[in-house]
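Biologist: Please show me the model, and let us then discuss its side-chain contacts.

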Amino acid sequence: MLRIAADPKHLGARIGITAVLHTWGSALTHHPHVHMVVPGGGIALDDQRWIASRPAFLLPVRVLGKLFRGVFLSRLLALYDAGRLVFFGGLAPLADRRAFLRHLVPVHKKRWAVYAKPPFAGPEAVLAYLSRYTHRVAISNRRLLAFDDAGVTFRYKDYRRDGGQRQRVMTLATDEFIRRFLLHVLPRGFHRIRHYGLLASSARKASLARARELLAVSPPPDDDDVPDQPSDVRPPCPCCGGQMFVVEIFARWSQPRAPPRAPYSAEEVSP
């Protein structure tokens with residue numbers, strides 16, 4: 001995205017990207033893909049103006065598909081040559097380099113698809129959609145229906161069906177359910193959310209300030225302009241991080257002999 005956007009034949013600008021990694025399907029299958037939120041334009045390479053994208057599209061998807069195909073396959077081959085790919089079972093013959101290269105020939109000829117579209121319901125709806133994946137695990141508790149000797153039963157969506165037939169129920173053996181769930185635990189060093197270009201953390205502040213200047217947009221209020229809020233000196237709960245409340249006060253060295261009473265009312269604590 002950054003390379004094609006910087007090409008003067010396409011946009012000729014530095015763009016910003018927020019990418020969110022999503023690895024699971026509704027049935028806990030391994031389906032890694034990345035959702036990317038990209039502003040509709042960027043800062044010109046000479047840093048003197050904002051270049052807006054065309055109304056129909058940001059970047060040509062066929063060009064993006066060709067570039068992504070080339071980058072992906074070249075890095076895949078580099079991993080193979082470095083001995084970091086291992087093949088088992090029916091894929092064992094691919095351990096021979098000539099067989100591996102023959103296996104990749106059809107992939108080089110196939111058109112790779114890049115799906116890009118404007119946010120039909122506005123940027124707020126896009127961010128709300130992506131927020132469902134950023135801090136969640138592969139399956140929520142409400143989709144779990146049963147756990148017994150037969151395995152784990154849960155609800156999932158079959159997107160090949162329409163209407164009420166889309167909601168389905170699946171039972172997996174316990175070890176298979178655990179295997180699928182662990183597919184979506186990120187390896188050490190991986191991040192679910194990454195920022196690139198204008199939104200990269202190393203230059204985000206300066207880049208956003210320049211973008212606002214070029215777009216004649218007022219900057220957000222400084223912290224000094226925010227009214228002073230009463231400071232809460234109570235430490236957060238060490239278990240959940242939530243706000244703690246005083247429910248009982250007892251004398252020093254006095255051992256409580258009963259459960260804590262209800263919180264004090266306003267009348268009780270008033271002077």
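The exchange below concerns aromatic pairs and salt bridges.

Modeller: This is a predicted model, in which local features need pLDDT of at least 70, side-chain atom pairs count only at pLDDT 80 or more, and totals for chains, interfaces and linings use all residues. Residues are numbered from 1 along each chain as its sequence is written, and side-chain values use heavy atoms, with hydrogens and water left out.

Biologist: How many aromatic pairs does a search of the whole structure find?

Modeller: Rings of Phe, Tyr and Trp (its six-membered ring) pair if their centres lie within 6.5 Å; planes under 30 degrees apart count as stacked, over 60 as edge-to-face and the rest as tilted. Searched as a whole, the structure yields aromatic pairs numbering seven.

Biologist: Which class describes the pair of Phe68 and Trp112?

Modeller: The ring centres of Phe68 and Trp112 are 5.7 Å apart. Their planes stand at 65°, so the pair is edge-to-face.

Biologist: How many residues apart are Phe68 and Trp112?

Modeller: Helices (H or I, at least four residues) and strands (E, at least two) are DSSP runs, numbered from the N terminus. Phe68 belongs to helix 2 (residues 61–81), whereas Trp112 sits in the loop between helix 3 (97–109) and helix 4 (123–134). The pair therefore links distant parts of the chain, with a separation in residues of 44.

Biologist: Which residue joins Phe68 and Trp112 in one aromatic cluster?

Modeller: Phe68 is partly exposed at 46% relative accessibility, where buried means under 20% relative accessible area, exposed over 50% and partly exposed in between (1.4 Å probe, protein chains only). The cluster holds Phe68, Trp112 and Phe72.

Biologist: How far apart in sequence are the parts tied together by Asp47 and Arg210?

Modeller: A salt bridge (a side-chain nitrogen of Lys or Arg within 4 Å of a carboxyl oxygen of Asp or Glu) joins the two side chains at 3.7 Å, N to O. Asp47 lies in the loop between strand 4 (41–44) and strand 5 (50–52), and Arg210 in helix 6 (residues 204–215), so the separation in residues is 163.

Biologist: Is Arg210 buried or exposed?

Modeller: Its partner Asp47 has 29% relative accessibility and counts as partly exposed. With a relative accessible area of 18%, Arg210 is buried.

Biologist: Which helix holds both Arg179 and Glu176?

Modeller: The side chains of Arg179 and Glu176 form a salt bridge at 2.9 Å, N to O. The two residues are three apart, about one turn of the helix, and both lie in helix 5.
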